[in-house]
Amino acid sequence: MNIESSINNDALLSYAKQLGFGDLHFKLDNSTGLFAMIAIHSTKLGPALGGCRCLEYTTISDAIRDALRLAQGMSYKAAVIGLPLGGGKSVLLKPKAIQNRSAYFEKFGEFIEELGGRYITAVDSGTNPEDMDAIAHKTRYVSSTTTGYGDPSPFTADGVFSSIQAAVKIKLNRNSLDGIKVAIQGVGHVGIRLAKLLFDAGAKVIVTDSNPQAIAKCVNEYQATVVGLNEIYGVDCDVFSPCALGAIINDKTIPQLKARIVVGSANNQLAEPRHGDALHNLNILYGPDYVVNAGGLVCACADFYKTPLEQVRKQVASIYGTTLSIFERSAAENVPTHTIADIIAEEKINSVSTKKLTTDKVA
Ligand code: NAD
């Protein structure tokens, strides 16, 4: 990686300004190989909670952009869903080899501690609950450790399921999913649980995935129909549920869609905001991804604040009402759903001028 040439300061700073930042912190530690950044988009509604990514990046600019973009997304997600959190994200530029993984994450824990509770970390791509345990040796501002609620995917799937129910009610005027056809792209942690929930509710499930074991489970246990990886967009169904990849709503896939509803867990489903506008213009109801998949954040928040499981379930169940009201407002104002979600998030964040930042209160 050419460090000097990979940083275009002007472009990055104007990008940060456009996203409404916030602050960005860096830490380098030669003894462990740590090169970390923590982006704090906002702490207006509470401490900035967001996962820790540990990935290889082609350039440092790419890593900074990822941190900035994801941190803003966390602010919006927490605001819309009504959690007492701001938005942040950390990115660790993964070295070729991490010599001592626990020392590496402990050093990152020290970095988090220096921010005094303004940022709380959690599991994300390239990290696991054991890494969070190492971080917890140095700071209490960490969730998703091995002693917490564990894998958030079931909560995420529950939120996606509720959002599909809300979309079916609005779009198809039906209170039941019995007989509704749902095409799921990706039956990993979230998708497979969603397939079960849908099957139990009487829906017909169509799946695609490159993992034969996951496919076999869906066929054997949920009577799923299987289609090829590129066929999933054009499946004759009521709901297309992207649960694998980002940017899959794009110029190539939109003309193939037969579904009248798009609701899934994948992050950043719209390749560009204009693709959300295109769905709206085609009368295809889109569940804004960061609202639909907020169950995982609810779980991480509850993990940190030690919220009882019953309350967590209630918060996840509230995703139904949140998506329903976004769909209703979108219809009433003739504005795409992804724009309505952003407007609600910005309204909530901007309605608070300053809030005493505390990590002590139970959410
Ligand atoms: P996962 O890695 O467990 O599952 C993804 C699945 O998609 C895998 O089975 C993989 O084989 C499959 N896949 C990959 N490429 C594919 C392709 N081209 N076509 C079809 N299938 C493909 O991930 P997950 O935890 O289930 O998360 C799914 C999505 O939801 C991701 O975008 C993730 O960022 C997002 N998300 C997850 C959570 C959570 O709690 N796990 C929370 C919020 C958002």
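In this predicted model, Leu85 touches Leu45, Gly46, Pro47, Leu49, Ala78, Leu297, Cys301 and Tyr305, leaving out residues up to four places away in sequence. Leu85 is also among the residues with the most contacts inside the largest nonpolar core, which has 56 residues. A ligand is present as well, and 20 residues surround it. The points below treat the cores, the ligand and two buried residues in turn.

**Nonpolar cores**

- Besides Leu85, the residues with the most contacts inside the largest core are Ile38, Leu83, Leu92, Phe105 and Phe108.
- Helix α11, which covers residues 295–305, gives this core its largest share, 8 residues.
- A second core, separate from that one, has 35 residues, including Ala166, Ile180, Leu197 and Phe327.
- As general background, nonpolar side chains in soluble globular proteins tend to be buried together.

**Surroundings of the ligand**

- Among the 20 residues around the ligand, the closest are Thr156, His189, Val190, Asp209 and Ser265.
- The shell consists of 8 nonpolar residues, 11 polar residues and 1 charged residue.
- Two helices, α6 (153–172) and α7 (189–200), each supply at least two residues of this shell.

**Polar contacts of the ligand**

- Val190 places a backbone N or O atom 2.8 Å from an oxygen atom of the ligand.
- In Ser265, a polar side-chain atom lies 2.9 Å from an oxygen atom of the ligand.
- For Ser153, an N or O atom of the side chain is 3.2 Å from a nitrogen atom of the ligand.
- The ligand taken alone exposes 820 Å², of which the protein buries 71%.

**Ser330**

- Ser330 belongs to helix α13, which spans residues 319–333.
- Because its relative accessible area is 4% and the limit for a buried residue is under 20%, Ser330 counts as buried.
- Apart from residues up to four places away in sequence, Ser330 touches His280, Val335, Pro336, Thr337 and Ile340.

**Ile349**

- Ile349 is part of helix α14, made up of residues 337–350.
- With a relative accessibility of 8%, Ile349 is likewise classed as buried.
- Beyond its neighbours within four places in sequence, Ile349 is in contact with Ser42, Lys44, Leu45, Ser75, Tyr76 and Ala79.
- Leu45 therefore appears in two contact lists, that of Ile349 and that of Leu85, under the cut-off of heavy atoms within 4.5 Å.
- Ile349 and Ile184 are separated by 165 residues in sequence and, from C-alpha to C-alpha, by 33 Å in space.

Technical notes:
Residues are numbered from 1 along each chain as its sequence is written. This is a predicted model: local features need pLDDT of at least 70, side-chain atom pairs count only at pLDDT 80 or more; totals for chains, interfaces and linings use all residues. Side-chain values use heavy atoms; hydrogens and water are left out. A residue is near a molecule or strand if one of its heavy atoms lies within 4 Å of it. A polar contact is a pair of N or O atoms within 3.5 Å; within protein, one must be able to donate a hydrogen and the other to accept it, and residues adjacent in sequence count only if both atoms are side-chain atoms. Accessible areas come from the Shrake-Rupley method with a 1.4 Å probe; for residues, only the protein chains shown count as cover. Helices (H or I, at least four residues) and strands (E, at least two) are DSSP runs, numbered from the N terminus. Ala, Val, Leu, Ile, Met, Phe, Trp, Tyr, Cys and Pro count as nonpolar, Asp, Glu, Lys and Arg as charged, and the others, Gly among them, as polar. A nonpolar core is a set of buried Ala, Val, Leu, Ile, Met, Phe, Trp, Tyr and Cys residues joined through side-chain atoms within 4.5 Å. Buried means under 20% relative accessible area, exposed over 50%, partly exposed in between (1.4 Å probe, protein chains only).
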